[in-house]
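Work through the exercises below with the sequence and the structure in view. Each task is followed by a solution in steps.

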Amino acid sequence: MNTTVAAERSRSQPLRLAALLKGERLTTLNLFATFILICLIFASQSDFFLTLDNFLNVGRTLGVVGIVSIGMTMVLISGGVDLSVGSVAALSGVVTSILWLQADVPLGLATVIGLGACVLVGFINGFFVAVMRINPLITTLASFSIVRGLAFVLSSGQTNQLSNPAFQFLGRGDVVGIPASLLLMIALFAAAFVVMHFTQFGRNLYAIGGSAEASRLAGIAVRRHLLIVYTLSGLLSGLAGIVIASQLASSAPRAAVGLEFTVIAAVVLGGTSLSGGKGTLIGTLVGVFILRVLDNGLVQTRVSSFYQDVVSGSVLLLAVGFDQIRQKLAAAVKDRS
Amino acid sequence: MFRKLLSIIVVVSLVAGMLLPLTAFAQDNATCATAQDSYTIGFANLTEDIVFTQLVRDGILSAAEEAGNVEVVLADNRLDGATALANADNFIAQGVDGVIEFQTDEAFGNVIMSRFRREGIPVIAIDIPMPGATFFGADNYNAGRLAGEALAAWVNENWDGDVDALLVLELPQSGPIPAARMQGQIEGLQDNLTVPVAEDMIFLLDSKNTQEESFQVVSDILPTIPDAEHIVAVTINDGTALGVIAAAEAAGRADQIMVVGQGADPSGQEAMLAENSRYLGATGYFAENYGSYLIPAMLDLLECRPVPPAIYVDHVFINKDNLCEYYGESWPDACPVS
């Protein structure tokens with residue numbers, strides 16, 4: 001009897017090890033460890049890195065990437081991608097400023113309409129991906145270009161000043177000392193976390209990302225889910241655009257250029273798979289913090305901007321590469337057992 | 001008789017002296033292979049996405065219309081050397097008489113120019129020199145210096161010449177031209193401050209030519225200079241300057257900063273006019289006037305009249321005090337007609 005139990009135990013040990021190695025918790029723990037390590041390195045190089053002022057500054061400046069990365073995580077988990085997020089962010093600021101400054105629409109209503117335009121773009125993306133079944137990369141690459149062009153057409157290429165203190169609160173203000181944009185980002189992360197982990201909708205997204213066809217056969221309304229997820233991504237991108245306009249007190253059609261790459265980097269760094277079906281919002285949140293803290297620390301330690309790009313890219317490659325090695329190791333351990 | 005003969009000789013000489021230049025001109029025009037009654041000029045813009053280049057395009061079109069005998073064919077180089085080369089080939093195919101090139105990639109300059117040279121098409125290059133082309137554009141170092149000097153004068157008057165930190169919002173990836181602009185600003189400031197800023201308090205920050213990046217890097221650097229009460233910033237353009245100001249405002253340190261920039265485009269002008277503005281001003285490049293230099297210069301080239309190898313814009317430092325003089329029509333509320 002004892003021999004059988006021992007044999008069972010010895011057989012199950014490699015499986016447990018494989019499960020542990022493959023687990024998302026370990027990915028998140030790795031990320032936390034990387035984040036702490038980066039913080040320690042910068043703290044040893046700059047007396048100002050671990051100060052309250054700097055903490056608030058980092059909090060104030062990561063909201064944009066953080067908010068967009070929530071939508072991007074959901075889109076990637078569903079097996080898609082959204083390259084239009086930067087252009088959509090620019091559109092929300094441009095529409096808001098034009099309605100407010102040129103059409104005398106009250107600022108609150110102008111902001112709502114600006115966000116509405118972004119929801120529409122997200123919905124159109126979702127329609128082409130889910131209903132027309134056009135590859136999401138192609139669809140959102142097209143909308144990336146169309147929406148940016150629209151932003152230029154609407155604004156005639158001009159930057160508009162938005163010098164309204166109430167409007168600037170979201171990007172610059174704080175609530176009991178904590179930046180408002182950081183609080184907004186955390187609240188959105190919390191809501192998205194609940195949706196992804198405690199609702200049928202969230203679980204379905206993972207299933208769709210794993211296999212859309214199998215999900216359809218299992219009775220999941222794939223099209224509806226994809227429509228919702230792209231629309232949500234449009235809304236969150238628009239919200240990020242409002243945060244940018246609020247921070248800079250201006251809107252520009254060139255705003256958020258390259259945002260899609262930063263956001264995808266943060267999400268992938270956080271452990272979300274580009275092939276869908278896998279990823280966590282906590283991982284994304286840590287990924288967002290890592291990229292922002294890297295930029296912050298490199299600027300404060302006066303590293304040349306050319307090296308900053310090299311370092312950011314290397315960290316992304318190392319983190320993702322390390323994770324791939326770990327997963328292959330897990331697969332090997334499982335096969336051997 | 002002798003007097004009569006002398007008078008005739010004098011009169012004939014005078015008449016000949018007066019006619020000679022005209023004859024020479026007629027001869028020049030006859031030998032000037034590119035001279036015609038009307039011309040088609042190609043203008044390849046740097047990009048159509050920014051205000052500055054839109055103003056350049058509009059200025060060229062309006063100067064061409066004024067000239068009366070010039071038709072302009074437009075192209076967009078989209079900030080890309082390969083596109084500029086394709087546009088150059090299109091211009092040749094369309095049989096343009098002369099070309100005004102505004103393109104960013106120095107490496108493509110040689111190739112583009114070899115095509116135009118082969119066809120005998122004269123070229124004027126805006127802002128980025130191309131081998132064999134007449135250069136037209138900003139006098140970058142001096143433009144920068146004007147802004148630096150203005151900032152130093154303000155600091156000497158308002159902060160007793162005392163500066164704790166200098167933020168330099170540059171654009172290192174774009175090579176020597178923006179670098180000359182930045183060098184001019186730094187030297188214009190340092191040479192004129194009562195006490196120059198210490199080397200270790202000069203922060204070189206990559207603006208990446210965007211307001212957001214400028215906002216972020218300045219937000220990152222401000223916590224490292226918590227004791228600095230007098231901070232100045234020199235910037236590559238108006239957008240970058242506005243990003244610096246936004247960062248200082250967000251950090252609650254707007255009253256500790258004063259900023260100068262380059263360009264004086266409408267967004268910069270609006271910021272200068274704001275109450276308690278931290279944007280002292282910007283060197284004007286007058287993009288809208290480029291056409292009034294470029295079209296006559298191109299006509300000179302086409303009609304074989306001498307043209308200097310480089311033509312520079314006359315820069316002026318634009319601030320709240322002289323804005324109405326240059327851009328009064330754009331700001332009717334701030335600049336009432338006297």
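**Exercise 1.** Locate Val176(A) and describe its backbone and its surroundings.

*Solution.* Step 1: Val176(A) sits in the loop between strand S2 (174–175) and strand S3 (178–179) of chain A. Helices (H or I, at least four residues) and strands (E, at least two) are DSSP runs, numbered from the N terminus. The model is predicted: local features need pLDDT of at least 70, side-chain atom pairs count only at pLDDT 80 or more, and totals for chains, interfaces and linings use all residues. Residues are numbered from 1 along each chain as its sequence is written, while chains are lettered from A and ligands numbered from 1 in the order in which they are written.

Step 2: The phi of Val176(A) is positive, about 40 degrees, although Val176(A) is not a glycine.

Step 3: A residue is buried if 20 or more other C-beta atoms, placed from the backbone, lie within 10 Å of its own, exposed if 12 or fewer, and partly exposed in between. Val176(A) has 5 other C-beta atoms within 10 Å, so it is exposed.

**Exercise 2.** Is Phe286(B) buried or exposed?

*Solution.* Step 1: Find Phe286(B) in the loop between strand S10 (279–284) and helix H10 (290–302) of chain B.

Step 2: Phe286(B) is a residue other than glycine with a positive phi, near 50 degrees.

Step 3: Count the neighbours: Phe286(B) is buried because 21 other C-beta atoms lie within 10 Å.

**Exercise 3.** Classify Phe261(A) by its C-beta neighbours, then state how far Phe261(A) is from Val85(A) in sequence and in space.

*Solution.* Step 1: Phe261(A) belongs to helix H13 (residues 259–269) of chain A.

Step 2: Phe261(A) counts as exposed because it has 12 C-beta neighbours inside 10 Å.

Step 3: Phe261(A) and Val85(A) are 176 residues apart in sequence, and their C-alpha atoms are 9.6 Å apart in space.

**Exercise 4.** In what order do the six strands of the open sheet in chain B lie?

*Solution.* Step 1: Two strands pair if DSSP finds at least two bridges between them. The order in chain B is S2-S1-S3-S4-S5-S11, with parallel pairing.

Step 2: Strand S2 (70–76) and strand S11 (310–312) of chain B are the edge strands, each pairing on one side only.

Step 3: For one pair inside the sheet, take strand S3 (residues 98–101) and strand S4 (residues 123–126) of chain B, which run parallel and are joined by three bridges. Glu101(B) stands opposite Ala125(B) in S4(B).

**Exercise 5.** How many residues of chain A are in contact with chain B?

*Solution.* Step 1: Two residues are in contact if their C-beta atoms, placed from the backbone, lie within 7 Å. By this rule, 28 residues of chain A are in contact with 29 residues of chain B.

Step 2: Helix H3 (52–61), H12 and helix H14 (281–300) of chain A each supply at least two residues of the side that touches chain B. H3(A) gives the most to this side, with five residues.

**Exercise 6.** Why is helix H7 (residues 211–221) of chain B described as largely enclosed by the rest of the structure?

*Solution.* Step 1: 11 of the 11 residues of H7(B) are buried, so the helix is largely enclosed by the rest of the structure. Among them are Gln211(B), Phe215(B) and Ile221(B).

Step 2: The cover over the buried residues of H7(B) includes H3, H12 and H14 of chain A. From chain B it includes strand S6 (165–170), strand S7 (202–206) and helix H8 (238–250).

**Exercise 7.** Describe the largest nonpolar core and the contacts of Leu294(B).

*Solution.* Step 1: A nonpolar core is a set of buried Ala, Val, Leu, Ile, Met, Phe, Trp, Tyr and Cys residues joined through C-beta atoms within 7 Å. The largest has 186 residues, and those with the most contacts inside it are Val68(A), Leu151(B), Leu167(B) and Leu294(B).

Step 2: Helix H12 (residues 222–248) of chain A contributes the largest share of this core, 14 residues.

Step 3: Leaving aside neighbours within four places in sequence, Leu294(B) is in contact with Ile60(B), Ala63(B), Ile100(B), Ile124(B) and Phe136(B).
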